[in-house]
Amino acid sequence: MAVKRLTAAELHDAVDELADLLTDTVDGGASIGFLAPLDRGAAVAWWRGRADAVSAGHLAVWVAHTGDRLLGTVTLAFPDKPNSRHRAELVKLMVHRDGRGQGLGRTLLATAETAAAAAGVTLLHLDTETDSPAESLYLSAGWTRLGAIPDYAATPSGELRPTTIFYKQLRAVAGAARSTVDVEC
């Protein structure tokens with residue numbers, strides 16, 4: 001398995017595979033901001049809409065490939081305000097149903113954490129559906145559960161569910177620029 005950070009051009013080239021991953025994730029019941037059934041065209045458009053933020057350095061997107069197949073992704077969102085440049089939000093950690101149970105989610109999470117620390121980020125935060133498999137992943141990876149907000153987000157089927165907020169403090173690498181970490185597994 002190879003994990004690679006995408007440039008804006010590479011994201012654009014991978015948009016079809018990323019759209020397939022997004023629709024599979026939503027079809028699999030993950031609450032990641034979309035309702036089912038997710039139209040493939042909407043998934044393509046959503047990913048295309050990320051390219052400018054990647055180009056500007058506001059988003060960092062990594063993808064995981066096994067062979068020639070994209071099986072996962074994770075994104076860091078960097079704030080643009082001067083008083084918040086020490087933190088980032090982990091968003092859209094997705095693993096295709098065919099790639100689950102192989103440690104891919106943990107590898108993507110570790111990649112994002114390592115890159116964030118190398119970029120001087122000392123605090124990460126995220127939200128995820130309460131009692132989901134993702135919540136277990138974050139707890140086992142040393143993230144701190146802050147609390148839950150009731151009825152915060154809808155599942156792909158439209159059911160309102162609580163969302164748990166997590167954070168993780170990192171040890172930043174002094175003087176580092178926003179990392180382009182790539183990983184071979």
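These are my notebook entries on aromatic pairs, strand pairing, one buried glutamate and some unusual backbone angles in a predicted model.

**Entry 1: aromatic rings**

I began with the aromatic side chains, keeping in mind that a pair of aromatic rings is described by the distance of the centres and the angle of the planes. My count came to 4 aromatic pairs. The one I looked up in detail is F34 with W46, an edge-to-face pair whose centres are 5.6 Å apart and whose planes stand at 90°. I then asked where its two members sit: F34 is in the loop between α2 (15–27) and α3 (40–48), while W46 belongs to helix α3, so the pair ties together parts that are 12 residues apart in sequence. For F34 I noted a relative accessibility of 14%, and because buried means under 20%, I entered F34 as buried.

Following the ring pairs outward from there, I found that they link F34, W46 and W47 into a cluster. I also noted a charged neighbour of W46, since R50 lies over the face of that ring, at 4.2 Å from the ring centre.

A further pair is made by Y138 and W143, with ring centres 5.8 Å apart and planes at 55°, so I recorded this pair as tilted. Y138 is buried, at a relative accessible area of 5%, and W143 is buried as well, at 4%.

**Entry 2: strands β3, β4 and β5**

Next I followed strand β4 and its partners. Strand β3 (residues 69–77) pairs with strand β4 (residues 87–95) in the antiparallel sense, over 5 bridges, and in this pairing G72 has V95 of β4 as its bridge partner. β4 also pairs with strand β5 (residues 123–129), here in the parallel sense and over 3 bridges, with R87 standing opposite L123 in β5. To see how the chain gets from β4 to β5, I traced it through helix α5 (residues 104–118), and this β-α-β crossover is right-handed.

**Entry 3: E135**

What does the side chain of E135 do in helix α6 (residues 133–140)? I first checked its accessibility, and E135 is buried, with a relative accessible area of 6%. I then looked for polar partners and found that the E135 side chain makes a polar contact with the side chain of T164 at 2.9 Å, and another with the side chain of R145 at 3.5 Å. Leaving aside residues up to four places away in sequence, I listed the residues that E135 touches as T128, E129, T130, R145, T164 and F166.

**Entry 4: backbone angles**

I closed with the backbone, where most residues other than glycine have a negative phi, and most peptide bonds are trans. Against that background I noted a cis peptide bond between A36 and P37, with omega about -5°; P37 lies in the loop between α2 and α3, and F34 is in that loop too.

I also noted two positive phi values in residues that are not glycine. K92 has a phi of about 55°, its place is in strand β4, and at 24% relative accessibility K92 counts as partly exposed. D131 has a phi near 70° and is found in the loop between β5 and α6. Is D131 buried or exposed? At 67% relative accessibility I entered D131 as exposed.

Conventions:
Residues are numbered from 1 along each chain as its sequence is written. This is a predicted model: local features need pLDDT of at least 70, side-chain atom pairs count only at pLDDT 80 or more; totals for chains, interfaces and linings use all residues. Side-chain values use heavy atoms; hydrogens and water are left out. Rings of Phe, Tyr and Trp (its six-membered ring) pair if their centres lie within 6.5 Å; planes under 30 degrees apart count as stacked, over 60 as edge-to-face and the rest as tilted. Helices (H or I, at least four residues) and strands (E, at least two) are DSSP runs, numbered from the N terminus. Buried means under 20% relative accessible area, exposed over 50%, partly exposed in between (1.4 Å probe, protein chains only). A charge sits over a ring if NZ of Lys or CZ of Arg is within 6 Å of the ring centre and within 35 degrees of the ring normal. Two strands pair if DSSP finds at least two bridges between them. A crossover is right-handed if, with the strands pointing away from the viewer, the path from the first strand over the helix to the second runs clockwise. A polar contact is a pair of N or O atoms within 3.5 Å; within protein, one must be able to donate a hydrogen and the other to accept it, and residues adjacent in sequence count only if both atoms are side-chain atoms. Contact means heavy atoms within 4.5 Å.
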